[in-house]
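Here are my notes on the two-chain model you sent over. Have it open while you read, as I go point by point.

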Amino acid sequence: MEYILTIVVLIAIFVILSSSYNLVIGYGGLATVAHPIFYALGAYTSALLGIHFGLPAAICVLAGALVAVVASILLALSALRVAGDYLLIASLGFQLGLLQVIKNFEFTGGPGGISAIPNTITGPWRTPAYLLICGGIAALTVWLIARIVHGPYGRAITAMRDEELAFSALGRNAMTIKVVVFAIGCGIAGIAGGLYAFYFQYVSPDQFEVLHSAAMLTMVVLGGMGTTMGPVVGAVVLIAIPQAITFLNLPPAVMAPMQGIIFTTLVMLFLFLRPAGLVGPLSRDRMAGRTALEKSSGGVAE
Amino acid sequence: MHTKRMPTLNRRRFLQSAAAAGLAVPLVGSRAWAQSKDPLKIGVTMPLTGSQAGYGNDFVIGMRQALKDLNDAGGIAGRPLELIVLDTQAEPSLGINAMNRLINVDKAPVILTAWSAVVKAQAPTANREKVLLLNTGANAPEIAHLGEFVYTLFPLADVDISALAKYTYDKLGKRKAAVLYINNDTGIDAAKVYKDVFEKTGGQVVAYEAYDPRATEFSGMLLKVRAASPDMVHVHGLLTDVPMVIAQMRQLGLQQRVSSYSAGYNQKLIDQLGPAAEDFIVTSLAPGADDNPNVPQFLERWKKEQNRHPNGLPYIQYQYDSVQTTAQLFKHVLEKKQEPTGETMRAALLAIKEFDSPLTGKTVVDGHRVRKPVFLLSVEKGQFKPLAKLD
């Protein structure tokens, strides 16, 4: 039971992460892969504050979120001047650069990471308590993002995403809206990082590599980019499947390629059959497919 | 109307069944455990896939041989031993997940693990859940300070690396060393140990360079080394990168003698490097075929069953012995009519303290470290030949 609860805590943390990533990439249309680095900033900040200053966990986690927000604004102000592919490259550079910094500082534990993060909740109720906290924050995140994107501000966000030129022509400042969306998304990722650090009591740079950007992107795409519940479904499926596979007790020779095959097959199936993801409506699939087609043929014509 | 609703229903049903399947599988596992309470469970977390899988899988083969020997001899107090092996890909987060499963689902009181980053990641969980975590192959000196439930059966880097650095100065007469190391837990701490000991002995470290674990091009670093003109080069890396470093050294005209640690003690390295491997020095923390009569037998059996050389024989000797040691802990606990838990197993480890390990000789558990003799080997005509035994 404890094991399942642990997995559910992990799922809740990833729901927070993928939902916030969806806000940035799905609703805001900001093609960034650097989401794990804000998760890392949250995790490292709260871990270090917890170890060296013994601050209460809640304050550490909030401080972690603040650092993630500040870093995201710094990145946004410089990188969001460029858009599309350039933003993608800038964000990748930011992630790799910062990871190198973390790997080479002694106080961050170098490549080995930090292991002695204080245990804030003790006793048999530890995991259920974390489940309540993480689950609550995950629900709050999903609700908050739904509130943002379904309100007037959300319409402004999607309008900016879909047609930036027209949006600017209406007198709205696209840059401000981009920075705000980016900062909210990254700040929430920072909270997820803090929760992870205190629950698992260990963080290392390996956990925030580009591979994890890919995993997060898969969660969002599989669930349905630009939908409220999509990232939730994506996180549940992508965390639960690898765990379930270990129970099949397959020999390592079979087990080894299994996860890769399952993920690749899933992504390819979804690309062809449900480009709008599990949660995205079928009718919009067709539309999305058509616009994608139009865009690609337009691209060729250009 | 009806057909329009179908997709929603199907999707929902699909999701429900997927969720049910995901939840049901672990439940089946735990029920199976409740029914067969007999075997004594040993959790094992090793990289079975990914870049370290070559070692990880051979480690497990070594463990399974010990398991078979123990079970063929009747198990412990009539109860068979069982290994539950999970993959970590040598990744910390997967190590934590695997550990959680072993503790909460399989209820293993003891977990054998390796790879420094993984051990570090698992340590908080071991201490919190009071499960005995035994390191069987990682050597970061930090492992000695990871908490009251984390012990090592494998000597940490300060044992063999300090012996090697001292030998390099005293016996080989080298005065200026270059230290190149892989920038992760394996390299950083060990390189520091080498540097400290070599300098304390009287030598000088003229170049001290780290390289990325995924690097394949080392000329920049090696040109710096050439400029510093050392008379010995110590490369502290893994089997995936050390041969590349040596090959590129020779291409750049660096002819200095090279040393590494036990990860380099592998026939594959000689096969890859050919004549460039001559005079290469490695450490080994396990006796070779000439020092222990059980080793040739083990090697013979391995070749018969696997049809090839093992990856990193000394390490595998430790894996075989780790299962033997764990079996002794179970025996001690059961003889005392106690239930095997992390706490009783830990008490047993501290009570027995000295183990007569079949493949690696006497093991003395000294707090959170172990004491072992160090063997040095050097490549001569394409073969590893004993160079020295240091106590």
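1. Let's start with one residue: in which loop of chain B does K337(B) lie? It is the loop between α11 (313-335) and α12 (342-352). Helices and strands here are DSSP runs numbered from the N terminus, with H or I over at least four residues for a helix and E over at least two for a strand. K337(B) has a phi near 60°, which is a positive value in a residue other than glycine. K337(B) is also exposed, because its relative accessible area is 76%; the cut-offs are under 20% for buried, over 50% for exposed and partly exposed in between, with a 1.4 Å probe and protein chains only.

2. Some ground rules before going further. This is a predicted model, so local features need pLDDT of at least 70 and side-chain atom pairs count only at pLDDT 80 or more, while totals for chains, interfaces and linings use all residues. Residues are numbered from 1 along each chain as its sequence is written, chains are lettered from A and ligands numbered from 1 in the order in which they are written, and side-chain values use heavy atoms, with hydrogens and water left out.

3. Chain A is a helical affair: 12 helices and 0 strands. Reading from the N terminus on, you meet α elements throughout. Its C-alpha trace spans about 60 × 45 × 35 Å along the principal axes. The radius of gyration is 20 Å, which agrees with the value near 19 Å for a compact globule of 302 residues. That radius is taken over C-alpha atoms, and the globule rule is 2.2 Å times the number of residues to the power 0.38.

4. What about the surface of chain A? The accessible surface comes to about 13400 Å², and 73% of it belongs to carbon and sulfur atoms; areas come from the Shrake-Rupley method with a 1.4 Å probe, and for residues only the protein chains shown count as cover. Buried residues make up 51% of the 302 in this chain. On the charge side, chain A has 13 positive and 11 negative side chains, with the centres of the two sets 10 Å apart. Lys and Arg count as positive, Asp and Glu as negative, and His and the chain ends are not counted; each charge is placed at NZ of Lys, CZ of Arg, CG of Asp or CD of Glu.

5. Contacts in chain A: of those between residues at least 6 apart in sequence, 76% join residues at least 24 apart. Contact means heavy atoms within 4.5 Å. For chain B, residues 24 or more positions apart account for 66% of the contacts with a separation of 6 or more.

6. Chain B mixes its elements, with 12 helices and 15 strands. Its C-alpha atoms fill a box of roughly 80 × 65 × 40 Å along the principal axes. The radius of gyration is 23 Å, in agreement with the value near 21 Å for a compact globule of 391 residues. Buried residues make up 57% of chain B. The accessible surface is about 16100 Å², 51% of it from carbon and sulfur atoms. Chain B carries 46 positive and 39 negative side chains, and the two centres lie 6 Å apart.

7. How is chain B divided into domains? Domain 1 covers 40-155 + 293-359 and domain 2 covers 158-284 + 375-390, with bounds that come from an automatic or database domain assignment. The contact takes 15 residues from domain 1 of chain B and 15 residues from domain 2 of chain B. The C-alpha centres of the two domains lie 29 Å apart.

8. Now S260(B), in the loop between β9 (257-259) and α9 (267-273) of chain B. S260(B) counts as buried because its relative accessibility is 0%. Leaving aside neighbours within four places in sequence, its contacts include L164(B), H234(B), V242(B) and F280(B). From S260(B) to H234(B) is 26 residues in sequence but 5.6 Å in space, C-alpha to C-alpha.

9. Two more residues to click on. D279(B) sits in the loop between α9 and β10 (281-284) of chain B and has a phi near 70°, positive although the residue is not glycine. At 41% relative accessibility, D279(B) is partly exposed. A210(B), in strand β7 (residues 204-211) of chain B, is partly exposed at 35%. Not counting residues up to four places away in sequence, A210(B) touches Y181(B), N183(B) and M221(B).
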